[in-house]
Amino acid sequence: MTIPQRVAIQGEAGSNSDMAVQEMLPGAEAIPCESFAAAFDSVQAGEADLALIPVENSSAGRVADPHHLLPDANLHIIGEHFLPIHFDLVSVPGATIDTITTVRSHVHAFGQCNEVLRPHPWKRHVSADTAGAAREVADLNDPTQAALAPSGIADRYGLQVLQSNVEDASTNATRFVLLSPTPQPTNEHPAITTILFRVRNVPAALYKCLGGFATNSVNITKLESYQLGGTFYASQFYVDIDGHINDHNVRLALEELRFFVTFLKVLGCYPAHPYRKHLHAAAEAAAQAATTQPVPYPPN
């Protein structure tokens, strides 16, 4: 008998992270944690086997806390998952749009649902997660309180849906990374490789670091900078690249990178999620459309 994997998540049962576990790892046991730091700690302490953590959203951008925790967490990325995100505006039975004065949700959900919020003078109450926001509304049993919560969660807490699919974009999706205490580089292709590096304190350091990726035809899909030691120097960078760490061109790019950095760490080499094919197709379509529309110069 196979023992179900224990997967730490930030949030409660019914949250988007919980749904991501069910989609990516059917049969796994989601371990709810109050914070991202607690989810990381649960894996490091052996209380969970893995952690599934959101790192970016197509509408609201990066999820800040995980990016700051990853460099020092001593955990390894072994997979990724893209989850389409849909939100309902929910409240207690009898509530209406007109009775609402406060909307509760995770801070990142507010950034994905601006259009439904903008016309109203509702106060925003930041909750630990989207599922927890729905539970809070049910516990308060107050028609002035509402939540931006994952679609389908209203029934769990006996709430009513005031408006469904209130996310700003129908293509709204969140990318999750699967973290393990031990490295598990994939043998599959296509693959994504994630690295961290710190640049040398020399002029044009980042330009020189990225040059090796360009000359070796390695596509960078994500580049994030970090401030270290309480300074305003963005000297550490998080990079996702298309390609396997053992691919010839990736190896050449990393070899060139080593000349210009003081620190280099591979966070993981893992299978590219099938959703990336959709992303690539959308990017190519946008690029093709842009070439047919002349850009005015000088800019307006």
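A strand is a DSSP run of type E with at least two residues, and strands are numbered from the N terminus. The exercises below use this term for a predicted model.

**Exercise 1. Describe the overall build of the protein.**

Step 1. Count the elements: the protein has 9 helices and 15 strands.

Step 2. Compare the radius of gyration with the rule for a compact globule. For 300 residues the rule gives a value near 19 Å, and the protein has 21 Å, which agrees.

Step 3. Take the extent along the principal axes. The C-alpha atoms fill a box of roughly 65 × 65 × 40 Å.

Step 4. Look at burial and contacts. Of the 300 residues, 45% count as buried. Of the contacts with a separation of 6 or more, 74% are between residues 24 or more positions apart.

Step 5. Turn to the surface. The accessible area is about 15100 Å², and 54% of this area belongs to carbon and sulfur atoms. The protein has 18 positive and 30 negative charges, and the mean positions of the two sets are 8 Å apart.

**Exercise 2. Place Ser91 and decide whether it is buried or exposed.**

Step 1. Find the element: Ser91 is in strand S6, which covers residues 87-91.

Step 2. Apply the cut-off. Buried means under 20% relative accessible area. Ser91 has a relative accessible area of 0%, so it is buried.

Step 3. List what Ser91 touches beyond its neighbours within four places in sequence. Its contacts are Val137, Asp142, Pro143, Gln145, Ala146, Leu159, Gln160 and Leu162.

Step 4. Look for a partner of the side chain. The Ser91 side chain reaches the backbone oxygen of Gln145 at 2.6 Å.

**Exercise 3. Work through helix H6 from its N-terminal end to the residue that follows it.**

Step 1. Start before the helix. Asp129 caps the N-terminal end of H6, with a side-chain oxygen 3.0 Å from the backbone nitrogen of Ala131.

Step 2. Take Thr130, which is in H6 (residues 130-140). Its relative accessibility is 7%, and it therefore counts as buried.

Step 3. Leave aside the neighbours of Thr130 within four places in sequence. The residues in contact with Thr130 are then Ser15, Asn16, Phe87, Ser105, His106, Ala109, Leu148, Ala149 and Pro150.

Step 4. Extend this to the helix. The buried residues of H6 are Thr130, Ala131, Gly132, Ala133, Ala134, Glu136 and Val137. Their cover includes helix H1 (16-24), helix H4 (107-110) and strands S6, S7 (102-105), S8 (123-126) and S9 (145-150).

Step 5. Move past the helix. Asn141 follows H6 and has a positive phi, near 50 degrees.

**Exercise 4. Compare the settings of Asn74 and Asn141.**

Step 1. Read the backbone angles. Asn74 is not a glycine, yet its phi is positive, at about 60 degrees. Asn141 is also a residue other than glycine with a positive phi.

Step 2. Locate them. Asn74 lies in the loop between helix H3 (64-69) and strand S5 (76-84). Asn141 lies in the loop between H6 and S9.

Step 3. Apply the cut-off for exposed, which is over 50% relative accessible area. Asn74 is exposed because its value is 53%. Asn141 is exposed because its value is 55%.

**Exercise 5. Find the cis peptide bond.**

Step 1. Look for omega of about 0 degrees: the bond that joins His189 and Pro190 has this value and is cis.

Step 2. Locate Pro190: it is in the loop between strand S11 (173-180) and strand S12 (191-199).

**Exercise 6. Set separation in sequence against distance in space for two pairs.**

Step 1. Take Gly94 and Asp142. They are 48 residues apart in sequence, and their C-alpha atoms are 9.6 Å apart. Gly94 is in the loop between S6 and S7, and at 62% relative accessible area it is exposed.

Step 2. Take Lys208 and Phe260. They are 52 residues apart along the chain, and their C-alpha atoms are separated by 6.9 Å.

Step 3. Place Lys208. Helix H7 (residues 205-215) holds Lys208, which counts as partly exposed at 34% relative accessibility.

Step 4. Check for contact. Not counting residues up to four places away in sequence, Lys208 touches Pro203 and Phe260.

Methods: Residues numbered from 1 in each chain as written. Predicted model: local features only at pLDDT ≥ 70, side-chain atom pairs only at ≥ 80, totals over all residues. Heavy atoms only, no water. Helix = DSSP H or I, 4+ residues; strand = E, 2+ residues; numbered from the N terminus. Rg over C-alpha atoms; globule rule 2.2 N^0.38 Å. Buried < 20%, exposed > 50% of the residue type's maximum accessible area, 1.4 Å probe, protein only. Contact = heavy atoms within 4.5 Å. Areas by Shrake-Rupley, 256 points an atom, 1.4 Å probe, with all protein chains shown as cover. Lys, Arg positive; Asp, Glu negative; His and termini not counted. Charge placed at Lys NZ, Arg CZ, Asp CG, Glu CD. Polar contact = N/O pair within 3.5 Å; in protein donor to acceptor, adjacent residues only side chain to side chain.
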